[in-house]
Amino acid sequence: MRRFPYGAAMVTGASSGIGEGFARRLAQEGVNLVLVARRGDLLKQLADELESQHHVQVEVMPLDLTDESQISAAEERLSDPERPIELLVNNAGSSGSGRFAELPLEREVHTATLNALVPLRLSHACLPGMISRGAGGIINVSSLAALLPKPGSATYAASKAFLSSLSESLAMEAGRHGVHITTVHTGLTRSEFHAAAGVSTDTLPKISWLTPDQVARAGLEAVAAGQPATVPGMSYRIRMPLMRAMPRSIVRAIMRRVYKV
């Protein structure tokens, strides 16, 4: 009997980083996959590798989830009753660097859409089927940035705060139907994410970095156990309660010094 309770999963942002980490972990558990990302060539390479190594079925969907017609294709796949998806991993995301008033509006809207509205839409597409079957899971990859004011990444932090709040509320609604919804509050994770956002990591402490596999393992263990949230990495698990308990005036003072605003 399979240890992991889900047999088919969709992972967004699966071509690299945390999404690839989830895909690899799920394939090791014998889970069939639907991989979604913009870069179809990387998805195909990963799919071929996972099928060969773990003898799972891997479907590739090269999609830009911020495009209306393309996200519709993902929604249709999630709501297909003939090919049920038992686990959705909302991992696709983006960020940027700079003062909000000086950044192009289009880029900020793209960040808010991908980080917040896309997980909302995909969750809405799959939840009715999961609830009717009395089983299923959704993992929402958020960030510890959701707890903080982030000058220089304001839209990213705000969109992750939206995702975390939505995820917690949906976990309460769906839990009584046997559907587990888990928020993964990530810290610094080795991936292409920071380079793509134009954020330098040279001054960030090496001890704080997580691997994509650490994040994926924590998320999958938590959703299988029905936990509404998890924080990968011991150092981050220690810090998170302190961040929540600290008065916001002190948090703002610290962030002003860090980001020089």
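Student: How many cavities of 30 Å³ or more does the count come to?

Tutor: The structure above is a predicted model, and a cavity here is a set of points where a 1.4 Å probe fits but cannot get out. With the size limit set at 30 Å³ or more, the count comes to 1 cavity.

Student: Which elements give two or more residues to the lining of the largest cavity?

Tutor: The largest cavity holds about 30 Å³ of space, and the residues that line it are Ser95, Gly96, Leu103, Glu108, Thr111, Ser153, Thr155 and Tyr156. Looking at which elements supply at least two of the lining residues, we arrive at α4 (105-133) and α5 (154-174).

Student: How do the residues of that lining divide into nonpolar, polar and charged?

Tutor: Glu counts as charged, Leu and Tyr count as nonpolar, and Gly is placed among the polar residues. Sorted in this way, the lining of the largest cavity divides into 2 nonpolar, 5 polar and 1 charged.

Student: Which element gives the most to the largest nonpolar core?

Tutor: This core has 38 residues, and among those that touch the most other members are Phe22, Leu26 and Ile139. Several elements supply at least two residues each, including β1 (8-12), α1 (17-28), β5 (136-143) and α8 (234-245). The one that gives the most, with 5 residues, is α1.

Student: Which residues in β4 (87-90) does Ile139 touch?

Tutor: Leaving out residues up to four places away in sequence, Ile139 touches Phe22, Thr182, Val184, Gly219, Leu220 and Val223, among others. Within β4 (87-90), the residues that Ile139 touches are Leu87, Leu88, Val89 and Asn90.

Technical notes:
Residues numbered from 1 in each chain as written. Predicted model: local features only at pLDDT ≥ 70, side-chain atom pairs only at ≥ 80, totals over all residues. Heavy atoms only, no water. Core = buried A, V, L, I, M, F, W, Y, C linked by side-chain atoms within 4.5 Å. Buried < 20%, exposed > 50% of the residue type's maximum accessible area, 1.4 Å probe, protein only. Helix = DSSP H or I, 4+ residues; strand = E, 2+ residues; numbered from the N terminus. Contact = heavy atoms within 4.5 Å. 1 Å grid on protein atoms, 1.4 Å probe; cavity = no way out; pocket = protein on both sides within 12 Å on 5 of 7 lines; lining within 4 Å. Points joined across faces, edges and corners; volume = space filled by probe spheres on them.
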